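Got the viewer open? Set the cartoon going, keep the selection box handy, and we'll walk through from one stop to the next.

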Amino acid sequence: MTNISELTTHQLHKIIAIKEQIEKLQGELQSLVAADGDHAPAPKGKRTMSASARAKIAAAARARWAKLKGTAPATGKRKMSAAGRAAISAAAKARWAKAKGTAPAKSAPAKKDRRMSPAVKARLAEIAKARWAKVKAAGKSTL
C-alpha cells in the first residue's frame, strides 16, 4: 500500500470523493433496512415550533406563575391603573424636559464627589513606596 504522504492532491481529492459516495450509499442502505422494521435515525436540522404551540406553552407558563403567586391567570392584555399611567406619563415628561434642558431644579441632594484629592493620592503613593522599599530590603520580590 502507498504511503499517504506520497499521494498527489488530485489523488487525495479523488479518494475523498469516493469516501463521500460510500457514506451516501451506506445512508441509503440504512434507510432501506429501517423501512423494513427498524427505526431510521432522526434527521438532524433546525427544529421549528408553530405559533399555536408557542402560545400554548406561554399560556401554561402564565398559569403556573398565577398558581404560584395565588392570583387569577391573566386573560388577554394586562390593564394599567390610571395612577400608574399618570406616573409613567409624568416620568416621561420629566425625561423629555431634561433632554431639552428645560427641567426644573432637582429637589434631591446632589451626589457627593467621590474622587481622591491629589494630596491623598500622593500620601498613598508614599505609603506604597515605603512598603516596597521594606520588601526589597528584605531581599524579596513579592509582598
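Before we start, one bit of bookkeeping: helices here are DSSP runs of at least four residues, numbered from the N terminus. Keep in mind too that this is a predicted model.

**The whole chain.** Begin with everything shown as cartoon. You'll find four helices and zero strands, so labelled by the DSSP runs. Walking from the N terminus, the elements read α-α-α-α. Now switch on the surface: it comes to about 14,100 Å², and carbon and sulfur atoms account for 61% of that. Of the 143 residues in the protein, 3% are buried.

**Stop one: H1.** Select residues 9-35, which make up helix H1. Show the side chains of Lys-19 and Glu-23, which are joined by a salt bridge at 3.9 Å, N to O. The two sit four residues apart, about one turn of the helix. That spacing fits a general rule: an α-helix has 3.6 residues a turn, so residues three or four places apart point the same way. Are these partners buried or exposed? Neither, quite: Glu-23 is partly exposed at a relative accessible area of 43%, and Lys-19 is partly exposed too, at 48%.

**Stop two: H2.** Next, select residues 51-69, helix H2. Draw a distance from the first C-alpha to the last: these 19 residues reach 27 Å, close to the 27 Å expected at 1.5 Å a residue. Then click on Gly-70, which follows H2 and has a positive phi, near 80 degrees.

**Stop three: H4, the charged pair.** Jump to residues 118-137, helix H4. How many salt bridges does the structure hold? There are two, and here you can pick up the one between Arg-123 and Glu-126, with the closest N and O atoms 3.6 Å apart. Because Arg-123 and Glu-126 are three residues apart in H4, about one helical turn separates them. Check the surface around Glu-126 as well: this residue is partly exposed, with a relative accessible area of 48%. As a general point, side chains of opposite charge can pair when their charged atoms come close.

**Stop four: a nonpolar patch.** Stay in this region and select Met-116, Val-120, Leu-124 and Ile-127, then turn the surface back on. Together these four make a nonpolar surface patch of about 330 Å². Centre on Leu-124, which lies in H4. Leu-124 is partly exposed, with a relative accessible area of 46%, and patch members need over 30%, so Leu-124 clears that cut-off.

Definitions and conventions. Residues are numbered from 1 along each chain as its sequence is written. This is a predicted model: local features need pLDDT of at least 70, side-chain atom pairs count only at pLDDT 80 or more; totals for chains, interfaces and linings use all residues. Side-chain values use heavy atoms; hydrogens and water are left out. Patches are made of residues with over 30% relative accessible area and no salt bridge: like charges are joined within 9 Å, nonpolar side chains (Val, Leu, Ile, Met, Phe, Trp, Tyr) within 5 Å. Accessible areas come from the Shrake-Rupley method with a 1.4 Å probe; for residues, only the protein chains shown count as cover. Buried means under 20% relative accessible area, exposed over 50%, partly exposed in between (1.4 Å probe, protein chains only). The expected span of a helix is 1.5 Å times one less than its number of residues.
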